[in-house]
Amino acid sequence: MSMSSVTMIGRLTADPEQKIPASGNAYTRMRVAWNNKKDTPGYIDVTLFGRTGEVAAEYLKKGSQFCLSGAQLEWREYEKDDEKRVAYSLVGGHLTLLGSKDDVAGESAPKPVVGDDDIPF
């Protein structure tokens, strides 16, 4: 396991999924698409906790663009169809909503910004 700071801009591949386990500590999971150096898409699984996760679940939808800072907790290599691949996971800390494909210039509402204080560890 490796841990480093990550800041990225990406778009959601699907609507965020908010979960509330028996402990009551809600979290939100989502998958983010971004372009790597070769202009081919890359994907990162993101988990958001507390108010950051609530904002993501409320305001983001498939195609939404945002900036996210967090800690990269894990990457793992695996093979699929005889091709090596890497899967990334990220725990988000600071979220800035940037817009979506459906936004029209001048019609988008102000976007909330959520900080690192909402991460439960």
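**Entry 1: a cut-off, then Ala33**

I began by writing down one definition: a residue is buried under 20% relative accessible area, exposed over 50%, and partly exposed in between. I also noted that I am looking at a predicted model.

With that in hand, I looked up Ala33. Its relative accessibility is 22%, so Ala33 counts as partly exposed. I found Ala33 in strand E3, which covers residues 27-35.

Next I asked which residues Ala33 touches, leaving out those up to four places away in sequence. The list is Gly10, Arg11, Thr13, Gly42 and Tyr43. I looked again at Gly10 from that list: Ala33 and Gly10 are 23 residues apart in sequence, yet their C-alpha atoms are 5.6 Å apart in space.

**Entry 2: stepping back to the whole chain**

I wanted the overall layout before going further. How many helices and strands does the chain have? I counted one helix and seven strands. Read from the N terminus, the order is β-β-β-β-α-β-β-β, with four strands ahead of the helix and three after it.

I then checked how much of the chain is covered. Of the 121 residues, 34% are buried. The chain exposes about 8000 Å², and carbon and sulfur atoms supply 47% of that area.

Contacts came next. I took those between residues at least 6 apart in sequence, and 56% of them join residues at least 24 apart.

**Entry 3: Thr47**

Is Thr47 buried or exposed? I found a relative accessibility of 17%; because buried means under 20%, Thr47 counts as buried. Thr47 sits in strand E4, residues 41-49.

Again leaving out residues up to four places away in sequence, I listed what Thr47 touches. On one side of the numbering there are Tyr27, Thr28 and Arg29, and on the other Leu90, Val91 and Gly92. I checked the first three against strand E3, and residues 27-35 do take them in.

**Entry 4: salt bridges**

How many salt bridges does the structure hold? I found three, and I went through each of them.

I started with Asp45 and Arg31, whose closest N and O atoms are 3.3 Å apart. This pair links distant parts of the chain, since Asp45 is in strand E4 and Arg31 is in strand E3, 14 residues apart. I looked up the accessibility of both partners. Asp45 has 32% and so counts as partly exposed; Arg31 has 39% and is also partly exposed.

I moved on to Glu54 and Arg51, whose side chains meet in a salt bridge at 3.3 Å, N to O. Where do Glu54 and Arg51 lie? Both are in helix H1, residues 50-59, and they are three residues apart, about one turn of the helix. Glu54 is partly exposed, with a relative accessible area of 34%, and Arg51 is partly exposed at 40%.

I finished with Lys19 and Glu17, where the N to O distance is 3.8 Å. Lys19 has a relative accessible area of 37%, so it is partly exposed. Glu17, at 47%, is partly exposed as well.

**Entry 5: what I am keeping**

Here is my short recap for a later visit. Ala33 in strand E3 is partly exposed, while Thr47 in strand E4 is buried. Asp45 and Arg31 join strands E4 and E3, whereas Glu54 and Arg51 pair up within helix H1.

Definitions and conventions: Residues numbered from 1 in each chain as written. Predicted model: local features only at pLDDT ≥ 70, side-chain atom pairs only at ≥ 80, totals over all residues. Heavy atoms only, no water. Helix = DSSP H or I, 4+ residues; strand = E, 2+ residues; numbered from the N terminus. Buried < 20%, exposed > 50% of the residue type's maximum accessible area, 1.4 Å probe, protein only. Contact = heavy atoms within 4.5 Å. Areas by Shrake-Rupley, 256 points an atom, 1.4 Å probe, with all protein chains shown as cover. Salt bridge = Lys/Arg side-chain N within 4 Å of Asp/Glu carboxyl O.
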